[in-house]
Amino acid sequence: MSSVFFERFERHAHGEGLKGHSTHYCPGCGHGLIHKYLAEAIAELGVQDRTVAISPVGCSVFLYYYLDVGNTQAAHGRAPAVAIGHKVANPNAIVVAYQGDGDLASIGLAEIMQACQIGLPMTFIFINNAVYGMTGGQMAPTTLAGMKTTTTPTGRTRLTGEPLKMAEIIGAMDGPVYVERCALFDNKQRVRAQKAIKKALRLQVEDKGLSFVEILSECPTHWKLTPAEAEKWVKEKMVPIFPLGVKKDLEAETERWFNLDPPQFDSARVLDVIGAVSRAPARFGEAFPSHIDAKDVAIKFAGAGGDGAQTIAMLTTRTAINEGFDSTHIPSYGPESRGGTSYADVHIATGEVLSPASPQPHILVAFNPPSLEKFGPHVQPGGIIIYDSSVVPTPPELDPNVQMVGVPCAQIAKQLGKVMVKNVVALGAMQAATNLFPRESFLATIRDALQKQSALLALNEEAFACGGTAYEEATNGTGA
Amino acid sequence: MASTKTKERPKPFLFPQFCKACGRCISACPKDCIEMGTEIHPATGFTPVVLDLEVCNGCGLCLSACPEPYGLMPAPADVDLELLEPETLLGERGSTAPTPEPIPDVRVPLPELETMILKGTHASAVGAILAGCRHFFGYPITPSTEGAELLAKLLPQLDGVFVQAVSEVATVNMIYGCGGAGLRCMTFTSSPGFSLMLEGISYMIGSEVPGVFFDVMRGGPGLGNIGPEQGDIKLACRGLGHGNTHAVVLAPSTPQEMLDLTMNAFDLAFKYRNPVILVSDGYLGQMTGRVQLPSYMIKPGLPEWAVHGDEAHRGNLICSIFLSEADLEQHNIHLLEKYDQIIHDEQRADLFHCEDAEWVIVASNTPARMAKGAVQQLRDRGVKVGLFRPITLWPFPIDALTRPLQRASGLIVVEAGAGQLEDELRLAASHAGIQDIPPIHRVSHYGGVLPQQQEIVDTVTALAGGIV
Ligand SMILES: Cc1ncc(C[n+]2csc(CCOP(=O)(O)OP(=O)(O)O)c2C)c(N)n1
Ligand code: SF4
Ligand code: SF4
Ligand code: SF4
Ligand SMILES: [Mg+2]
C-alpha cells in the first residue's frame, strides 16, 4: 500500500461509505492496477510533493480522487497541452499525463504529437483498452480489426481503419527518450509494467526527457468477458497486434534536457527589454502645423507594396509624437497589402486623434498611377498632392484647388544609388511642400530609426535633402 | 496476537468490503492461497475472495495483481486482524497536504519614462510584460500575430517562455495548465482561432482558472477576411463555450488602452479567478500611436489555490467536474454570484459630451474613434450629440448610460458588426429594468469595412432634423 493514495477518497462521492476506500472502476479493470503502480513509483522516487497528475476524460477521469498529489483535470484529449502548461510554469514539477486511447490517439492526436515532438521531460501513461470505456464501449482508434463495439456492431471494417499503434509511432519520433509497451495479464507483465512506469517517472525526475508507456489494459465490461477471460484476450488477441517491449530507449546517451532559469522581474531589466527610455527626444518645432488644419491633419501615403509608404508614414507619426502631438498611423489592410496597393493613413492632432482614418486627407503622397487615381479625387480643397513623376508621367485632371506637385522620386533615388530610398525623397519633398514640421525634426527621427544601420544614414539624409530640393525645382522656388 | 515467528515478508490481508471479486489475485498466487469466496458481501453485492495463507511465502505477487488501492494489502504486524476495522488502519484524513498561503503580487514602481510609439498589438504585449506575464502560448493568425511575434522576441530575454502551440485548441489548454499552476499567461488570437478556444475557456471558467485572451477580431463568418470587424462580441459576451459562462470583456480603442487594459486584464483575471477577454478590431491591432508607460509594473506572487507542483500546493485540484447535480448547482450559484459581483463592480465606460446630449452614439474599439470624430464635428455645428463608449462590453456599463438615456431622443449604435453591440446594450437595459429606451438607430458595416466619421455625421444630421 502506497502513501501516495489518499487515506480516504474524499473526492469520491464525498468519501462516504465504502467509496472512501474503493475506486469507481469495474472489477478487473486495468486502470486500478496502473494507478497503483504510478502511486508506488511516485512514492519510491520521493516526488509526491512535486507531482502534478493530469486526469483525462475517459474512465480514468477521476484519477484525482485517488492520488494525493497536485491534480488537474483536462478536457478530452488535451492532457498533453495542459501538461506543457504545467511544466513550463514550473520546470521543477513532475508532470504525469494519464490518458486513454480515445483521449490520446483520437481526439487528442495533435496534442500528444506536439508534446512528443518537443520532448520536454514529462511522463505519459497511455491506457490502451481498445474501446471507449467511459461512453459505453464504442470503437477506439486501437480497436482490433473485426472487433465488435457499439459503433462497429458487425466488427471493425476497413472503412473504419486499422488499429493505431501509438508506441511505435511515438517511438519513431525524435523527442522522447524512452518508449515502451507493457501489459497486465500475468505476474511477469505486471512486474514489467511497474518497472516501466517507474523508469518513465525517474527519467523525468532526472531531467532526461519525455517518456511514453503504453499499457494494454483490460476492460472486461465492454469486452463482455470475465476478468480472467479479459487477461487471456489481451495476451492472445491484443499482443500480436500491439507487440510488447521497449520501442526506444536513449537513456544512456541523453544528457539533462533543460534548465530553465526563473523568469526575471527586475524593473531596470524589464524596461531595457521593452525598449523604454527616460530621455526626452529633442523638439524642433514650436507649434502645431495649423497652417494645414487647426486641430487635425490627415495624410495618406499610397503606393505599391515595397514602395516604402508605410516606412515614411511611420517616420511622420514618430516625428509628430516627438514634437509633442498625438499621432496615429494605420497601414492598409486586406488583400491589397499583398503585392497590390499599400497605403497608410496618418493623423496628427493638437489634442487627441479622433478618427484615425484618412478618407479625405489634407496631404496625399502617391507613388504610382493607381494610388493617385484612387485617392487623388478625395484630397481636401486647399490640400496638396506629391506624386512620383518618374512613375506617373501624365497625372489625371483633379480639383484645381488641390496643389499637384510631381517629384521624380524614383529617378532621384536611382541616381543616389538605391531606388529603395525613393520614399525618403518623397518625405523630403512633402516636408518642403507642407512644412508640416521642421526639416531637422524629420532628420532626427530618421537618425533615430537608423541607429543600428548607421551605414545607411548618409544616403537617407541625402535622399531627404534631394526631395526638398526637387520640390523647390518642380515649383521653381515659388512654392506653388 | 503478536507473532513469534521471525517475519521476512508480510502476508496479504483483505478487508472483504473492498474486494471487487475480480479474481486477478487468484491466478497471480503461485501457491494457490486464494480462491473465490462463496458468500455475497452484504455491503457490496460482490463475493470477495478468501485467503488461506498456510503455505503463503509472502511473495507479494497477489498484492501487485489487485487493482484496488485498499484491496489486498500487506498485513500489518502486531494487530489482531480479526478485530481490525478500516478506520483504525486506513486513517480518516483526506490528505496530509499543508494549507497553502497566498503569496501576494508586488507593485514595483517605475521611473518616469518617455512616451513610447507602439503598434496596438505591441502595446498590448508590452502591457502583458509589465503585468508580470512571462508565459505566452499561441497559434499564428492575422491580424493578431505581431503581438505574439514581439513576445517571442522579448520573453526569452526575461527568461520567460513562448510556446507556439499546435493549434488554438492546444493553446487554450496550455493556458489552462499554466494558469492553473498560478501563473500569469496569455494568448493573442483572431476570430477563427477564438472560436476554437471556446471549449477550453468554458473549462477554465468551470475550474476557476485565470488567463488573458486577446481576440483581434476579423471579418467573418468562416475564413472571412483579415479586415477589421466586431463580429465576436456575442461570443465574448454570451458564448464562452458551454454552460453558464461569463468573463469580463474589455474593448480598448487606442494603443494606450491596448496597454492599460491588458494590464488590467491580468489583475481582473486573478481577482476573480476567471479568464478575461480583450477584444479589438484588426485596425486597432495595426494602429501605431503614442503610449505612456504606467508608473508601476507587477511582480506576480502565487495564489494559494494553484496546482504548482510543490509541497505547499499539493492538496489543490483544478477541475470542473461536479458529479452530483446538487454540487454542480451549488458551483453554478457560486459562479453566478461572482458574475453579479463583476456586474456590480467592474462596469467601465468613457463618456464624451453625454451630459446634455440629445443624441447618444454608442460605439467601442475603432468605430468609437470614428464616432468621437463625428461628435466633435457635430458639436462644432451645435448638434447636441455625445459618445457613450463601453470599455467593458461585459458587463455592459449600463449604470453610466442610465442618465444619458433619460435625456436622449435617440441612440445611434455604430459598430463593425450586425447588432452584436446593440444586443448587449438592449440586454443590459432590460436586465437593469429600464423600460423605455429611446429608438435605436444604426450605422453598421460588416466584412472588414469600418463605419466612417462622415456617415455617422450624416446619420445624426438627418436624425437631428437636418441642421447642417
Ligand atoms: C469534446 C468531447 N467529446 C466527446 C466526449 C465524450 N467522451 C468522454 S470519454 C470518451 C472516450 C474515452 O475513451 P478512452 O480515452 O479510450 O478512455 P477509457 O474510458 O477507455 O479509459 C468520449 C468520447 C467528451 N467528454 N468531450
Ligand atoms: S468500462 Fe472498462 S475501462 Fe471503464 S472502468 Fe469499466 S472496465 Fe475499466
Ligand atoms: S503473497 Fe504470494 S504466496 Fe502469499 S498469497 Fe500472495 S501471491 Fe500467494
Ligand atoms: S484482486 Fe483484489 S479485488 Fe480482485 S479479487 Fe483479489 S482481492 Fe478482490
Ligand atoms: Mg479506451
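Which elements cover the buried residues of α9(A)? The views below take that up, along with two other sites. This is a predicted model, in which local features need pLDDT of at least 70 and side-chain atom pairs count only at pLDDT 80 or more, while totals for chains, interfaces and linings use all residues. Residues are numbered from 1 along each chain as its sequence is written, chains are lettered from A in the order in which they are written, and side-chain values use heavy atoms, leaving out hydrogens and water.

**View 1. Helix α9(A) and its cover.** Helices (H or I, at least four residues) and strands (E, at least two) are DSSP runs, numbered from the N terminus. Buried here means under 20% relative accessible area with a 1.4 Å probe, protein chains only; P227(A), A230(A), E231(A), W233(A), V234(A) and M238(A) meet that mark in α9(A). Their cover, by contacts (heavy atoms within 4.5 Å), includes β4, β7, α7, β8 and α8 of chain A together with α1 of chain B. At V234(A) the helix bends by about 35°, the angle between axes fitted to the seven residues ending there and the seven starting there.

**View 2. Helix α3(A), residues 79–89.** Eleven of the eleven residues are buried, including H86(A) and K87(A).

**View 3. D281(B) in strand β12 of chain B.** Have a look at this acidic residue: D281(B) is buried yet has no salt bridge (a side-chain nitrogen of Lys or Arg within 4 Å of a carboxyl oxygen of Asp or Glu). The nearest side chain of opposite charge, R369(B), is 9.2 Å away; Lys and Arg count as positive and Asp and Glu as negative, with His and the chain ends not counted. D281(B) also touches V216(B), P228(B) and N365(B), among others.

Methods: Buried means under 20% relative accessible area, exposed over 50%, partly exposed in between (1.4 Å probe, protein chains only). Lists of a residue's contacts leave out its neighbours within four places in sequence.
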